[in-house]
Amino acid sequence: MKKHHEAPTGLAPFPYTLKVSPRAKSARLKMTPHGGLVVVVPPGFDKTKISSLLLHHEEWIKKVTAKFDAHRQTPPPLSDNGLPATIVFPDFMESWSVAYMQTRIGEVEMVERQGNCLLVSGDVANTALSCRLLCSWLKHRAQVHLLPALEKLAAAHDFRYDSAGIRLQHSRWGSCSSRRSIILNSKLLFLPEHLIRYIMLHELCHTVHMNHSRAFWSLVHEHDPLCHSSNLEMKSAWKYVPEWASAQL
Ligand SMILES: [Zn+2]
């Protein structure tokens, strides 16, 4: 049962939707791309405490709202060559705007500016050059986000691996070598949370079974009960990857 409630203006510092959930142990906040801020509370929660809860998390709310706003106002690609004006990593609630400036011929460079802005300058009319630069930046973002996420997941599920790295690969989402070295594809950044998690757990299970045997799949299922539907979904997961990141290689 969902119960929605619009906060009276003047009382709450931010507009929100209230959801009473019998499964909630305590009050928590979540931000959804289309529904905005949602306050989830257990039944019987004292609603007069919501304002102070919101104020307590003011910084987080502002930060995430800004990111969703940037995502919502996605402008079309700036140039005819299909280079992105916005880059979004949904699971990590990260959105970047990209500006291009044609200044010279032969090379391109890129700087990260405050407020998640990328400035690509130089020979930006050269799509291949600019694309290569964006892809190496993507690999860097993947190292920042995916490797710690893998580490956390491995710890939570009690898996051990020797090393992990990121590659921009054309046809594989991940791999695990006999030396228990895991490679993840940078493009995972564009996927929804449950698919990223599935790929990571799949590779972690390869640290135990180096094959796709029945024993392997039952181990994956043990750690990710949705693994079979996710595995099917992965067949069309390329749809999440923007063209500029797929075109490379
Ligand atoms: Zn596999």
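## Confidence, core and helix H4 in a predicted model

The protein chain has a mean pLDDT of 87, with 87% of its residues at 70 or more, and the coordinates discussed here are those of a predicted model. Among the elements of the chain, the lowest mean pLDDT, 74, belongs to helix H2 (residues 58–72), whereas helix H5 (residues 214–223) has the highest, at 98. Over residues 1–10 the pLDDT is below 50, and this stretch has 10 contacts in the model beyond near neighbours in sequence.

Helix H4 spans residues 193–205, and its 13 residues reach 18 Å from the first C-alpha to the last, close to the 18 Å expected at 1.5 Å a residue. H4 is mostly covered, since 11 of its 13 residues are buried. The buried residues include polar or charged names such as Arg197, His202 and Glu203 alongside Leu195, Ile196 and Ile199. Around them, the packing partners of the buried H4 residues are helix H3 (127–157), strand E9 (174–176), strand E10 (181–185), H5 and helix H6 (227–233).

In soluble globular proteins, nonpolar side chains tend to be buried together. Here the largest nonpolar core has 39 residues, and those with the most contacts inside it are Ala142, Leu146, Leu184, Leu188, Leu189 and Ile199. At least two residues of this core are supplied by each of several elements, among them strand E4 (86–89), strand E5 (94–102), strand E8 (163–167) and helix H7 (243–247), while the largest share, 8 residues, comes from H4. The core draws at least three residues from each of domain 2 (73–131) and domain 3 (139–247). Leu189, leaving aside residues up to four places away in sequence, touches Phe89, Leu138, Arg141, Ala142, His145 and Leu146. A second, separate core of 5 residues includes Tyr16, Leu37, Val41 and Ile50.

Most residues other than glycine have a negative phi. Two loop residues with positive values are set out below.

| Residue | Phi | Loop |
|---|---|---|
| Asn116 | near 55 degrees | between strand E6 (108–113) and strand E7 (117–122) |
| Asp158 | near 60 degrees | between H3 and E8 |

The surroundings of each residue can be stated as counts. Asn116 counts as partly exposed because it has 16 C-beta neighbours inside 10 Å. Asp158 has 8 other C-beta atoms within 10 Å and is therefore exposed, the cut-off for that class being 12 or fewer.

Terms used: Residues are numbered from 1 along each chain as its sequence is written. This is a predicted model: local features need pLDDT of at least 70, side-chain atom pairs count only at pLDDT 80 or more; totals for chains, interfaces and linings use all residues. pLDDT is the predictor's confidence in each residue, from 0 to 100. Helices (H or I, at least four residues) and strands (E, at least two) are DSSP runs, numbered from the N terminus. Two residues are in contact if their C-beta atoms, placed from the backbone, lie within 7 Å. The expected span of a helix is 1.5 Å times one less than its number of residues. A residue is buried if 20 or more other C-beta atoms lie within 10 Å of its own, exposed if 12 or fewer, and partly exposed in between; C-beta atoms are placed from the backbone. A nonpolar core is a set of buried Ala, Val, Leu, Ile, Met, Phe, Trp, Tyr and Cys residues joined through C-beta atoms within 7 Å. Domain bounds come from an automatic or database domain assignment.
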